[in-house]
Protein chains: 2
Amino acid sequence: MSSSDTKQQILDAAEQLFGEEGFTSTSLRAITGAAGVNLAAVNYHFGSKSELAKAVISRHLVPLNQERLRRLDACEKNAKGTASLEEVVASFLGPALDLAREDKQTAGVTRLLGRIYSEQPPFIGELFADEFQDLVERFLHAIEACLPELDRSVVFWRMHFMVGSMAHTLCTNNLLTLFSSGHCSMQDIDEVTQQMVTFVAAGMRAPVISKVEGSR
Amino acid sequence: MSSSDTKQQILDAAEQLFGEEGFTSTSLRAITGAAGVNLAAVNYHFGSKSELAKAVISRHLVPLNQERLRRLDACEKNAKGTASLEEVVASFLGPALDLAREDKQTAGVTRLLGRIYSEQPPFIGELFADEFQDLVERFLHAIEACLPELDRSVVFWRMHFMVGSMAHTLCTNNLLTLFSSGHCSMQDIDEVTQQMVTFVAAGMRAPVISKVEGSR
DNA sequence: GCTTGATTCAATCGACCGTTTGAGACGATT
DNA sequence: AATCGTCTCAAACGGTCGATTGAATCAAGC
């Protein structure tokens, strides 16, 4: 077994188990056991459990965010300037839901990516600074271009709600299946994407309530 | 120190630490240390760490869901039948955000309640069956009454997105403050509530895209 | 003042944790 | 054939974990 084989086996097993049980609840012994490699291999190849977790997340998060920007570029280019709000929202949400497509049975990556927001191991902070700063700025401007009448702070809030809808769907879709007695599931990713884009775009377009009216 | 004093100290400390660090990352020694009680007191008063977690969550979740239903009843009664969509949505979101009001500095309950969806300790399953089944049904019917043209499955999805926006805001609002360079924060809960209700209600009202149009 | 039940306490249990070690296996290079 | 990195392995390290024990403490009832 070559070096890279072992690294891949560890990454695959860790991704699965981190997604199922969370970061702290998953032991290196469980990971190496599932991967069929020696316990010491994690520290040899990755240095520590935290570095392994970073590697697991980056492996999918970096290409995901690249694809988001690629799709945003594409639809801005098509529109020769300002893309439609639905296209912008779909550029953000679509690639994330696409990850759930191949992942339907195991739900490893899906749950993991949905969970990175609410977990807060020490390494999460730097991850956001590295991977999300540019992304947020690009999408902020794209949405502002679609909705010029909105204050920037309102756009921030609505982007926050968009991320919440996505993250919640990625990591707790089984809950919805339970409550809906099976009527709603992640079987048809295209349908989920359409539902989410429709909801979020409409929420983004909501007229702002003036402060005077809101507080009387 | 009386028996109930010790129980309260433990509940308070556990709530705070579970919210900050998560369930598995928080040790009984950290909890009893912060509470100023003996380590064995947790197992004596609650039986186990899991039972303690259930008690911590129920202490706030049960009154929260009661308040939601109380507010829903109130606005349905005022409207003599069908309440407005904004009122229904506010009945669900308002009480949750109100918890963040007293909690601004410590963020114990807030983060904890936002996290119960994405964490999945073994006891979470029964918790949903016990505490959420009725609630979901009541709000489902209230929303369906406001939006009779929507399929039930669409209403389920949109309720799911509403819960996602709320949970994400409860447990990761510091992230939004970071990205928005401090322009958005949870300082003014009334404003956050209004932002969220506006967004969610507009998302709920979105016209459904017909399947034919969506797939061509 | 003694008894009784409820509570607190220090000490300890076995299990599991992440990490480290040093010896061996393997393949490529000389 | 000997050498040298790269990698794997069993074993062990010191610590922390949740849970339990049995003795000490306390308050209330008689």
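By what turn, and with what shift along the axis, can chain A be laid on chain B? In this predicted model, a turn of 180° with a shift of 0.0 Å along the axis lays chain A on chain B, at an RMSD of 0.0 Å. That is the relation of a two-fold axis. Of the interface residues of chain A, 100% are also interface residues in chain B, so the copies meet through the same surface.

**Extent of the interface**

- Contact between the chains involves 52 residues of chain A and 52 residues of chain B.
- The two chains bury about 4,800 Å² between them, and 68% of this area lies on carbon and sulfur atoms.
- A:Trp157, A:Phe179 and A:Phe199 supply 17% of the area that chain A buries against chain B, more than any other three residues.

**Polar and charged interactions**

- Between chain A and chain B there are 11 residue pairs in polar contact, counting pairs with both residues at pLDDT 80 or more.
- The count of salt bridges between chain A and chain B is 0.

**Elements and composition on the side of chain A**

- Two or more residues on the side of chain A that touches chain B come from each of α1 (3-21), α6 (108-115), α8 (133-146), α9 (152-179) and α10 (189-204) of chain A.
- Among these elements, α9(A) gives the most to that side, with 19 residues.
- By residue class, the side of chain A that touches chain B comprises 25 nonpolar, 21 polar and 6 charged residues.

Conventions: Residues are numbered from 1 along each chain as its sequence is written. Chains are lettered from A and ligands numbered from 1 in the order in which they are written. This is a predicted model: local features need pLDDT of at least 70, side-chain atom pairs count only at pLDDT 80 or more; totals for chains, interfaces and linings use all residues. Side-chain values use heavy atoms; hydrogens and water are left out. Contact means heavy atoms within 4.5 Å. Buried area is the accessible area (1.4 Å probe) that two parts lose on being put together, summed over both. A salt bridge is a side-chain nitrogen of Lys or Arg within 4 Å of a carboxyl oxygen of Asp or Glu. A polar contact is a pair of N or O atoms within 3.5 Å; within protein, one must be able to donate a hydrogen and the other to accept it, and residues adjacent in sequence count only if both atoms are side-chain atoms. Helices (H or I, at least four residues) and strands (E, at least two) are DSSP runs, numbered from the N terminus. Ala, Val, Leu, Ile, Met, Phe, Trp, Tyr, Cys and Pro count as nonpolar, Asp, Glu, Lys and Arg as charged, and the others, Gly among them, as polar. Copies are superposed by least squares on the C-alpha atoms of residues with pLDDT of at least 70 in both.
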